[in-house]
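Colleague: I would like to learn how to read a few features of a model like this one, taking each general idea before the case at hand. Where should we begin?

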Amino acid sequence: MTRRDVNRTPDSPRSGAFSRFLSPLLLLALMWAIQFADAVLPGSFTGFGLRSWDLSGLGGILLGPLLHANWAHLVANSVPLLVLGCLVAVEGTRRFWTVTVIVAVIGGLGTWLVNAPGALTVGASGLVFGYFGYTVMRVFAPGRVAHRVLYALIALAVISVYGGSMLAGVVGVREGISWQAHLFGAIGGGLAVFVGRNRSGRP
């Protein structure tokens, strides 16, 4: 072992954990920066969101989750996005961004197809539901028994805290809130569990 290796070893677990949880923090910070820019600049960024049945609005699949109708909308999404996003990021930075893209694409396409033609959808709630679906379905992914038990405990905790609001976000939403984004975001998160894993269950 070289002197260089000795100096690096104690810091590697700490720096690895920091880099993992940095990803959801950066994603949330980007959303806040965009909302601030939308508030101070003329016009509105929400027009770049996902517009159903409009081919020119397909770019909103990736842009829509970053945009919010107002500050209250962003604040409501921020805490669950950070908490659930960090639970996904435990498996690594690459895994977090892979899940994020899968949720955005599946959630966006499902919303684009099922929502009323011309309906505009923005907000990170689809990602929130996707991270929720991923955390719950992670129990069923292949892997060591100890890991699956741990994820089962995490899933139970997540369901107890967010389960009611997640169910209400699909079956009991008021007018103007896209249950389609919630439903298909959760489906995307559930499917993302099984994408890119080897037989041991590791991503």
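Modeller: Let us begin with the surface, where accessible areas come from the Shrake-Rupley method with a 1.4 Å probe. In this model, which is predicted, the accessible surface of the chain comes to about 11200 Å², and 70% of that surface belongs to carbon and sulfur atoms. Buried residues make up 41% of the 203 residues in the chain.

Colleague: How many helices and strands does the chain have, and in what order do the elements run?

Modeller: The secondary structure comes to 8 helices and 2 strands, and from the N terminus on the elements run α-α-β-α-α-α-β-α-α-α. As for contacts between residues at least 6 apart in sequence, 80% of them join residues at least 24 apart.

Colleague: How is a pair of aromatic rings described, and how many such pairs does a search of the whole structure find?

Modeller: In general, a pair of aromatic rings is described by the distance of the centres and the angle of the planes. Here the search of the whole structure finds 4 aromatic pairs. One of them joins F96 and W97, whose ring centres are 5.0 Å apart and whose planes stand at 75°; because planes over 60 degrees apart count as edge-to-face, this pair is classed that way. F96 also pairs with Y131, with the centres 5.6 Å apart and the planes at 35°, so that pair is tilted. Since F96 lies in helix α5 (residues 93–114) and Y131 in helix α6 (residues 125–137), the pair ties together parts that are 35 residues apart in sequence. Ring pairs thus link F96, W97 and Y131 into a cluster.

Colleague: Which of these residues are buried, and which is partly exposed?

Modeller: The step needs one cut-off, namely that buried means under 20% relative accessible area. F96 is at 0% relative accessibility and therefore counts as buried, and Y131, at 0% as well, is also buried, whereas W97 is partly exposed with a relative accessible area of 33%. If one looks at what lies against this cluster, S23 of helix α2 (residues 12–40) touches T93, F96 and W97, not counting residues up to four places away in sequence. S23 is itself buried, with a relative accessible area of 4%.

Colleague: How does the span of helix α7 compare with that of a straight helix, and where is its kink centred?

Modeller: The general idea is to set the span between the end C-alpha atoms against the span of a straight helix at 1.5 Å a residue. For the 27 residues of α7 (residues 145–171) a straight helix would span 39 Å, but α7 spans only 34 Å. There is a kink of about 60° in α7, and this kink is centred on Y162. Y162 is among the buried residues of α7, which also include Y151, A155 and V158, and what covers the buried residues of this helix includes α4 (71–89), α6 and α8 (179–192). At Y151 there is a further feature, in that R138 lies over the face of the ring, at 4.2 Å from the ring centre.

Colleague: Is F140, in the loop between α6 and α7, buried or exposed, and what does F140 touch?

Modeller: F140 counts as exposed, at 52% relative accessibility. Not counting residues up to four places away in sequence, F140 touches R148 and F194. The C-alpha atoms of F140 and V193 are separated by 8.4 Å, although these two residues are 53 residues apart along the chain.

Methods: Residues numbered from 1 in each chain as written. Predicted model: local features only at pLDDT ≥ 70, side-chain atom pairs only at ≥ 80, totals over all residues. Heavy atoms only, no water. Phe/Tyr/Trp six-rings, centres within 6.5 Å; stacked < 30°, edge-to-face > 60°. Buried < 20%, exposed > 50% of the residue type's maximum accessible area, 1.4 Å probe, protein only. Helix = DSSP H or I, 4+ residues; strand = E, 2+ residues; numbered from the N terminus. Lys NZ or Arg CZ within 6 Å of the ring centre and 35° of its normal. Expected span 1.5 Å × (residues − 1). Bend = angle between axes of the 7 residues up to and from the residue. Contact = heavy atoms within 4.5 Å.
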